[in-house]
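User: I'm new to this one and would like to see how each label gets decided. Can you show it to me first?

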Amino acid sequence: MNRRKNQRGSAFVESGFIFTVFAVMLLGIFDLGRAMFIHQALTERVRAAARWGAANGASNATGIRNMVLYNASTQPSGATGYFGLASNQVVVTQSDSGTNSNRLTVSISGYQYKTVTPFFARTITGPKIEVTMALGIFN
């Protein structure tokens with residue numbers, strides 16, 4: 001009987017430890033999923049902007065940049081960039097214009113997102129995303 005008195009409440013304490021570890025792991029999975037979602041959404045936005053540039057004029061760097069930032073070729077009034085992107089984070093280059101090696105490259109770098117997992121919460125800078133599209137000679 002003395003042994004049962006000494007163990008009273010131990011299941012509650014052990015459950016608290018397990019729940020804490022489980023909650024931190026769940027938030028970590030949430031952060032990872034959110035990071036993957038943001039990366040994939042930005043990758044798709046860069047791809048769409050490169051396709052738009054190939055179809056509407058690769059020399060229109062401002063329009064292509066706006067397609068990445070706002071999903072429109074012109075900046076809407078009062079609009080903010082996609083997932084907080086700024087204009088200086090989007091780079092549009094065209095190489096070997098007028099040749100068969102003509103390429104349009106759209107890239108973003110320096111985008112950030114914040115994690116929410118306790119003990120690991122911080123701002124993370126995502127990897128560079130770059131899409132290159134072959135244009136060839138169209139004239």
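**How the labels are earned**

User: Why is Phe83 called partly exposed?

Analyst: Phe83 has a relative accessibility of 36%. Buried means under 20% relative accessible area, exposed means over 50%, and partly exposed is what lies in between (1.4 Å probe, protein chains only). So Phe83 counts as partly exposed. Before we go on: this is a predicted model, where local features need pLDDT of at least 70, side-chain atom pairs count only at pLDDT 80 or more, and totals for chains, interfaces and linings use all residues. Residues are numbered from 1 along each chain as its sequence is written, and side-chain values use heavy atoms, leaving out hydrogens and water.

User: What makes Phe37 and Phe83 an edge-to-face pair?

Analyst: The whole structure has two aromatic pairs. In this one the ring centres of Phe37 and Phe83 are 6.1 Å apart and the planes sit at 80°, so it is edge-to-face. The rule is that rings of Phe, Tyr and Trp (its six-membered ring) pair if their centres lie within 6.5 Å, with planes under 30 degrees apart called stacked, over 60 edge-to-face and the rest tilted. The pair joins distant parts of the chain, 46 residues apart: Phe37 belongs to helix 2, and Phe83 to the loop between helix 3 and strand 1. Helices (H or I, at least four residues) and strands (E, at least two) are DSSP runs numbered from the N terminus. Ring pairs also bring Tyr82 into a cluster with Phe37 and Phe83.

User: And is Phe37 buried or exposed?

Analyst: Exposed, because its relative accessibility is 52%.

User: How do you know that helix 3 is largely enclosed?

Analyst: Eight of its 10 residues are buried, so the rest of the structure largely encloses helix 3. Among those buried are Gly63, Arg65 and Val68. They pack against helix 2, strand 1 and strand 2. Right after helix 3 comes Asn71, with a positive phi near 60°.

User: Which residues have the most contacts inside the largest nonpolar core?

Analyst: Val68, Val106, Ile108 and Tyr111, in a core of 24 residues. Helix 2 gives the most to this core, seven residues. A nonpolar core means buried Ala, Val, Leu, Ile, Met, Phe, Trp, Tyr and Cys residues joined through side-chain atoms within 4.5 Å. Ile108 shows plenty of contacts (heavy atoms within 4.5 Å): leaving aside neighbours within four places in sequence, its partners include Leu42, Val46, Val68 and Ile129.

User: Why is Ser107 called buried?

Analyst: Its relative accessible area is 6%, so Ser107 is buried. Ser107 is in strand 2 (residues 103–108). Beyond its neighbours within four places, Ser107 touches Gln89, Val90, Val91, Lys128, Ile129 and Glu130.

User: What makes Glu130 and Lys128 a salt bridge?

Analyst: Their side chains come to 3.4 Å, N to O. A salt bridge needs a side-chain nitrogen of Lys or Arg within 4 Å of a carboxyl oxygen of Asp or Glu. Lys128 is exposed because its relative accessibility is 54%, while Glu130, at 47%, counts as partly exposed. Elsewhere, Glu44, Arg47 and Arg51 are joined into one network by salt bridges that share partners. Glu44 meets Arg47 with the closest N and O atoms 3.6 Å apart, and Arg51 at 3.2 Å. Glu44 and Arg47 both lie in helix 2, three residues apart, about one turn of the helix.
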